[in-house]
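Biologist: Please take one helix-to-helix contact in this model and examine it closely. I would then like to see how that part is connected to its surroundings, in one continuous account.

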Amino acid sequence: MTNENTLTGKDTLTGKDTGELSGFAALGITGALLKATHGAGFTEPKPIQAQAIPPQLEGRDIFGIAQTGSGKTAAFALPILSKIIALGTKRRPKTARALILAPTRELAVQIEDMIKLLAKGAHVSTALVLGGVSRFSQVKKIAPGVDILIATPGRLTDLVREGDLVLADTKWLVLDEGDRMLDMGFINDVKRIARATAPDRQTVLFSATMPAEIAELAKGLLKNPIRVEVAPHSTAAAEIVQGVVFARTKQKRQVLSTMLADEAMKSVIIFSRTKHGADRVTKDLERDGFRAAVIHGNKSQNARQKALNDFREGSVRILVATDIAARGIDVPGISHVVNFDLPDEAESYVHRIGRTGRNGMDGIAITLCDPSENSKLRQVERIIRTKLPIVADHLGSPDPQRNPAEKNERSFEPANDRNGRRDGRRPGGQNNGNKRFGDKPVFAGERKPESAKPFKGNNKRRFGGKRPAARAA
Ligand code: AMP
């Protein structure tokens with residue numbers, strides 16, 4: 001429901017209406033769009049929205065550093081919606097007036113949902129173009145022309161190449177999660193897509209991190225952009241309590257099951273480095289009596305969406321995922337993130353744990369670390385500029401690769417001794433109330449180590465080129 005009170009500000013002393021616009025109205029959002037924004041429960045703009053909306057409404061390009069969870073979807077969507085609504089419904093067949101590119105299908109679906117919510121009551125058409133689902137229905141949907149198209153680069157490239165979509169009328173281009181697109185080998189597709197759009201387009205590029213390639217891409221695509229930034233580079237959300245559990249790979253299954261028996265773990269996402277590993281964790285959990293949904297790039301799009309929906313709706317409390325879900329997925333109320341293993345890229349750790357502690361809520365992130373992963377753990381600690389407190393140590397014998405003296409240098413004392421006994425302390429020395437880690441030493445469950453297949457993006461694709469298998473993500 002629209003809260004009219006938020007349209008104008010109040011004098012802090014008298015409580016009287018000052019007549020000045022406040023909230024989204026003060027940023028330049030008006031009419032039906034303002035009503036729908038309030039209807040979505042957004043009354044006060046988030047910092048990224050306050051920074052990015054006014055310059056976009058003025059027509060400026062934006063170079064944004066922000067993670068999913070910061071409110072960046074509305075930050076780019078509201079100005080586009082505002083302009084499209086003002087222009088009325090003028091669309092040519094097979095065209096899209098605005099194009100939003102996202103690296104994963106789940107994120108694209110989420111963006112469309114948000115846009116529909118924000119555009120409620122306005123006559124704005126949206127369509128999704130994603131791999132892994134019927135091409136026919138997508139072509140049909142864009143045939144009359146569409147206002148806002150949300151797409152993953154691979155399928156979009158196919159449709160452009162085959163003449164089912166023309167981008168010449170595309171006056172707004174958004175590149176969401178730019179660094180992820182880079183990881184997934186989409187950058188050349190992105191450049192080609194951008195070249196096919198209207199030369200006088202307005203462009204917004206958001207990226208959670210700023211590798212040199214993204215800065216380079218930004219230079220080529222953005223005209224005199226305004227730079228907006230909300231979270232310092234690679235800093236984990238302050239609300240997330242983090243900890244590490246030392247356990248050999250063969251112990252991890254039981255460590256995990258013991259943890260999950262704790263009812264404080266209400267809604268848990270478990271990250272596995274590989275698709276095969278994610279399947280195995282899921283099977284083991286099922287054998288241990290837990291229901292879990294699984295999401296990774298080898299699953300069909302329908303299976304992925306169902307897993308995510310079941311988790312979102314709470315019909316399963318455990319979601320096992322590869323890094324495909326580490327970014328972009330916004331499921332409110334995830335209480336715990338468990339890293340069954342450390343990611344190949346330390347940056348992914350930040351994205352994984354960012355699935356919890358969202359919107360100012362508490363969250364716990366636990367990383368299971370085999371001695372062979374110690375160097376990856378150190379990389380993670382370097383990038384988050386923090387030593388992870390030790391929640392439990394199941395190694396049983398001194399670890400030659402990790403000097404015990406190093407632990408004493410940590411900002412927090414170990415919560416357990418080397419035999420896995422807890423000393424009653426909470427990680428980080430804080431009292432976490434009912435937020436508990438699994439607290440029993442465990443030594444069972446014989447498993448072979450994962451066969452690691454780090455993802456290598458394919459940058460060689462051209463319009464007309466062959467689709468690399470990795471694009472299934
Ligand atoms: P995003 O970064 O776009 O994925 O947004 C993260 C979460 O913040 C989503 O659940 C949004 O519904 C929510 N959100 C975005 N903007 C606002 C706002 N101004 N007020 C309250 N919640 C918001």
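Modeller: Helix α14 passes helix α15 in a right-handed crossing; the model in which this is seen is a predicted one. The two helices comprise residues 346–353 (α14) and residues 374–384 (α15), and their axes come within 8 Å and cross at roughly 70°. Angles of 65 to 115 degrees count as roughly perpendicular, and α14 and α15 are therefore roughly perpendicular to each other. On the α14 side the contact is made by Ala346, Glu347, Tyr349 and Val350, and on the α15 side by Gln379, Val380, Ile383 and Ile384. By class, these residues divide into 6 nonpolar, 1 polar and 1 charged.

Helix α14 also belongs to the surroundings of a sheet. That sheet is open and has 7 strands in the order β12-β13-β11-β14-β15-β10-β16, with parallel pairing. Its edges are held by β12 (293–295) and β16 (390–393); each has a single partner strand, so one side of each is left without a neighbour in the sheet. From one strand to the next, the twist averages 20°.

At the β12 edge, β12 pairs in the parallel sense with strand β13 (residues 318–321) over 3 bridges. Within β13, Ala321 is the residue that stands opposite Ile295. Helix α14 packs on the sheet, where it touches β10, β11, β14 and β15, and its direction makes about 155° with that of β14. Another helix, α12 (residues 275–287), lies across β11 (268–271), β12 and β13, and runs at about 155° to β13.

Strand β15 (residues 363–369), one of the strands that α14 touches, deserves separate attention. This strand is mostly covered, with 7 of its 7 residues buried. The cover extends to both faces of β15: Gly363, Ala365, Thr367 and Cys369 are buried on one side, and Ile364, Ile366 and Leu368 are buried on the other. The pairing of β15 with strand β10 (residues 240–246) is parallel and extends over 7 bridges; Leu368 of β15 is the bridge partner of Val245. Strand β14 (residues 336–339) also runs parallel to β15 and is joined to β15 by 4 bridges. Here Thr367 in β15 has Asn339 opposite.

For comparison, the model contains another open sheet of 7 strands, in the order β5-β6-β4-β7-β8-β3-β9 and with parallel pairing. Strands β5 (126–129) and β9 (226–229) stand at its edges, and each has a single partner strand, so one side of each is left without a neighbour in the sheet. Neighbouring strands here are turned by 15° against each other on average, with direction ignored. Inside the order, strand β7 (residues 172–175) runs parallel to strand β8 (residues 202–207) and is joined to β8 by 4 bridges. Leu205 in β8 is the residue opposite Leu175. Helix α5 (residues 105–118) lies across β4 (96–101), β5 and β6 (146–151), and runs at about 180° to β5.

Two further helix pairs may be set beside the contact of α14 with α15. Helix α7 (residues 153–161) and helix α9 (residues 187–196) pack at an angle of about 45°, with axes 10 Å apart. Helices α7 and α9 are therefore oblique to each other, and α7 passes α9 in a left-handed crossing. Their contact brings Pro153, Gly154, Leu156 and Thr157 of α7 to Asp189, Val190 and Ile193 of α9; the residues involved divide into 4 nonpolar, 2 polar and 1 charged.

In the other pair, helix α3 (residues 47–57) and helix α4 (residues 72–87), the axes come within 9 Å and cross at roughly 25°. Angles under 35 degrees count as roughly parallel, and α3 and α4 are therefore roughly parallel to each other. The crossing of α3 and α4 is right-handed. From α3, Ile48, Gln49, Ala52, Ile53, Gln56 and Leu57 take part; from α4, the partners are Lys72, Ala74, Ala75, Phe76, Leu78, Pro79, Ser82 and Lys83. This contact of α3 with α4 divides into 9 nonpolar, 3 polar and 2 charged residues.

Notes: Residues are numbered from 1 along each chain as its sequence is written. This is a predicted model: local features need pLDDT of at least 70, side-chain atom pairs count only at pLDDT 80 or more; totals for chains, interfaces and linings use all residues. Side-chain values use heavy atoms; hydrogens and water are left out. Axes are lines fitted to C-alpha atoms, for helices over the stretch in contact, and angles run from 0 to 180 degrees between N-to-C directions. Angles under 35 degrees count as roughly parallel, over 145 as roughly antiparallel, 65 to 115 as roughly perpendicular and the rest as oblique. A crossing is left-handed if the near helix is turned anticlockwise from the far one by less than a right angle, and right-handed if clockwise. Contact means heavy atoms within 4.5 Å. Ala, Val, Leu, Ile, Met, Phe, Trp, Tyr, Cys and Pro count as nonpolar, Asp, Glu, Lys and Arg as charged, and the others, Gly among them, as polar. Two strands pair if DSSP finds at least two bridges between them. Buried means under 20% relative accessible area, exposed over 50%, partly exposed in between (1.4 Å probe, protein chains only).
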